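Here are my notes on the model, as numbered points. They begin with the helix and move out to the whole chain.

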Amino acid sequence: MTAGSGVYAAHVPIFAWTGAGGPDTQADTIAQHYWDIHTKRDGAEHPYAAP
C-alpha cells in the first residue's frame, strides 16, 4: 500500500507498436505521456493508444 507514503504508482497499458507507425508511436511521444502522468499524479490507470 502506498497511501500516505509519497509514492505514486500507476498502470500504463500501451496499445501501439512502439516506433512502427506515425509520430504517435514514437518513443519520445510515449515518454511525454509518462512524464505527464508523473507530474500530474492523477489516478492509477492511464492507457496510451496510438491512432
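1. The model is a predicted one. Helix H1 covers residues 27-40, which is 14 residues, and at 1.5 Å a residue these should span 20 Å. The C-alpha atoms at the two ends of H1 are 20 Å apart, so the distance agrees with the expected span.

2. Which residues of H1 are buried? They are Ile-30, His-33 and Ile-37. These residues take up an arc of only 50° around the axis, and therefore sit on the same side of H1. With buried meaning under 20% relative accessible area and exposed over 50%, Asp-28 and Trp-35 are exposed on the other side of H1.

3. The cover over the buried residues of H1 includes both strand E1 (14-15) and strand E2 (48-49).

4. His-33 deserves a separate entry. His-33 belongs to helix H1 and is one of the buried residues there. A polar atom of the His-33 side chain lies 3.2 Å from the backbone oxygen of His-46. When neighbours within four places in sequence are left aside, the contacts of His-33 are Val-12, His-46, Pro-47 and Tyr-48. Of these partners, Tyr-48 falls in the range of strand E2 (48-49), part of the cover noted above.

5. What comes directly after H1? Arg-41 follows the helix, and its phi is positive, near 50°.

6. On the overall layout, the protein has one helix and two strands. Read from the N terminus, the order of elements is β-α-β. The radius of gyration is 13 Å, well over the 10 Å that the globule rule gives for 51 residues, so the protein is more spread out than a compact globule.

7. The box filled by the C-alpha atoms, taken along the principal axes, is roughly 40 × 15 × 10 Å.

8. How much of the protein counts as buried? The share is 18% of the 51 residues. The accessible surface comes to about 3,900 Å², and carbon and sulfur atoms hold 59% of that area.

9. A last point concerns contacts along the chain. Among contacts with a separation of 6 or more, 63% are between residues 24 or more positions apart. The contacts of His-33 in helix H1 with Val-12 and with Pro-47 are a local view of how the helix meets other parts of the chain.

Definitions and conventions. Residues numbered from 1 in each chain as written. Predicted model: local features only at pLDDT ≥ 70, side-chain atom pairs only at ≥ 80, totals over all residues. Heavy atoms only, no water. Helix = DSSP H or I, 4+ residues; strand = E, 2+ residues; numbered from the N terminus. Rg over C-alpha atoms; globule rule 2.2 N^0.38 Å. Buried < 20%, exposed > 50% of the residue type's maximum accessible area, 1.4 Å probe, protein only. Contact = heavy atoms within 4.5 Å. Areas by Shrake-Rupley, 256 points an atom, 1.4 Å probe, with all protein chains shown as cover. Expected span 1.5 Å × (residues − 1). Arc of directions from axis to C-beta. Polar contact = N/O pair within 3.5 Å; in protein donor to acceptor, adjacent residues only side chain to side chain.
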